[in-house]
Amino acid sequence: MKLYIYEHCPFCTRVLMLRGLKQLDIPVQVIPENDVETPTRLVGRKVVPILQKDDGSFMPESMDIVRHLDATFPPPVLVATLDPAIDAWCKRASDTIYRLCVPRFTRGNFAELATPDAREAYVARETRAFGDLDSLTARTPALLDELAPLLTELEGLVRSPGSSVGESDFQLYPLLRSLSIVNGLRFGPKVTAYYDAVGAACGLEDFSAQAM
Ligand SMILES: N[C@@H](CCC(=O)N[C@@H](CS)C(=O)NCC(=O)O)C(=O)O
């Protein structure tokens with residue numbers, strides 16, 4: 001097996017979470033952002049994450065990969081069912097979170113952005129999706145104001161660190177991990193306890209060392 005990812009990608013965080021939770025020894029390969037050929041050859045389009053299975057076939061879609069690996073390597077860790085309140089929170093908060101994180105990701109130190117051409121391709125992709133990225137960076141204070149009440153609300157929604165892992169963790173944790181690239185952003189005590197516990201259980205570092 002092999003996993004193809006981008007380091008900054010929240011969907012890839014989902015599969016890295018499962019790999020870490022189960023301590024699976026699956027090699028990880030980072031695809032450069034300007035490499036259209038590799039993912040297109042594997043799954044017909046430019047996308048990550050991709051799982052190369054033992055039978056040589058390839059699987060896209062993060063949650064399909066998570067469920068496949070969870071079923072392939074028992075016992076299951078996806079125990080708790082999706083929490084509709086967390087699901088709804090993620091849907092409401094994700095746009096603000098991406099607008100804070102994406103301009104920073106484009107300037108970040110990630111293996112998929114190792115060459116000028118790769119970074120240029122990523123900047124172009126995100127500019128197509130979000131418009132001018134410098135203008136978006138300038139909106140940081142307003143976006144943080146937008147996020148603050150959502151993070152306060154999340155204090156009342158996150159599961160306690162000792163409870164069962166489930167589908168909602170694979171929605172919520174990648175968004176919170178993305179936010180670690182935003183300099184000075186702090187979670188409340190319950191979200192911090194949840195974030196630290198999930199990160200430790202999955203053996204994942206976040207992006208705080210390069211927060212900007
Ligand atoms: N539904 C997919 C979404 C994956 C996705 O959007 N991945 C982004 C990286 S964060 C991607 O590969 N984008 C490549 C591109 O648009 O060129 C999943 O859950 O795996």
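Visitor: Which helix gives the largest share of the lining of the largest pocket?

Guide: This is a predicted model, where local features need pLDDT of at least 70 and side-chain atom pairs need 80 or more, while totals for chains, interfaces and linings use all residues. Numbering runs from 1 along each chain as its sequence is written, and side-chain values use heavy atoms, leaving out hydrogens and water. A pocket is an open set of points on a 1 Å grid over the protein atoms alone, where a 1.4 Å probe fits, with protein on both sides within 12 Å along at least five of seven lines; lining residues have an atom within 4 Å of a point. Here helix 5 wins, with four residues in the lining.

Visitor: Which elements give two or more residues to that lining, and which residues are closest to the pocket's centre?

Guide: The largest pocket holds about 400 Å³ of space. Of its 20 lining residues, Cys 9, Phe 11, Val 47, Val 48 and Arg 125 are the closest to the centre. The elements giving two or more residues are helix 1 (10-21), helix 4 (84-106) and helix 5 (116-130); helices are DSSP runs of H or I with at least four residues, strands are E runs of at least two.

Visitor: Where does the ligand sit?

Guide: In the largest pocket, where "sits" asks that more than half of its atoms lie within 2 Å of the grid points. The residues around the ligand (a heavy atom within 4 Å) include Tyr 6, Cys 9, Phe 11, Val 48, Pro 49, Glu 61, Ser 62 and Arg 125.

Visitor: How far from ligand atoms are the polar side-chain atoms of Glu 61, Ser 62 and Arg 125?

Guide: Look for N or O pairs within 3.5 Å. An N or O atom in the Glu 61 side chain is 2.9 Å from a ligand nitrogen, and for the Arg 125 side chain a ligand nitrogen is 3.3 Å away. Ser 62 puts a polar side-chain atom 2.6 Å from a ligand oxygen. Overall, the protein covers 76% of the 520 Å² of accessible area that the ligand has on its own (Shrake-Rupley, 1.4 Å probe).

Visitor: Pro 49 came up by the ligand. Is the peptide bond from Val 48 to Pro 49 cis or trans?

Guide: That bond is cis, with omega near 0 degrees. Pro 49 belongs to the loop between helix 2 (37-43) and strand 3 (50-52). The bond from Pro 74 to Pro 75 is cis too, again with omega near 0 degrees, and Pro 75 is in the loop between helix 3 (62-72) and helix 4.

Visitor: Is phi of Gln 23 positive or negative?

Guide: Positive, near 50 degrees, in a residue other than glycine. You'll find Gln 23 in the loop between helix 1 and strand 2 (28-30).

Terms used. A polar contact is a pair of N or O atoms within 3.5 Å; within protein, one must be able to donate a hydrogen and the other to accept it, and residues adjacent in sequence count only if both atoms are side-chain atoms. Grid points are joined across faces, edges and corners, and a volume is the space filled by probe spheres set on the points.
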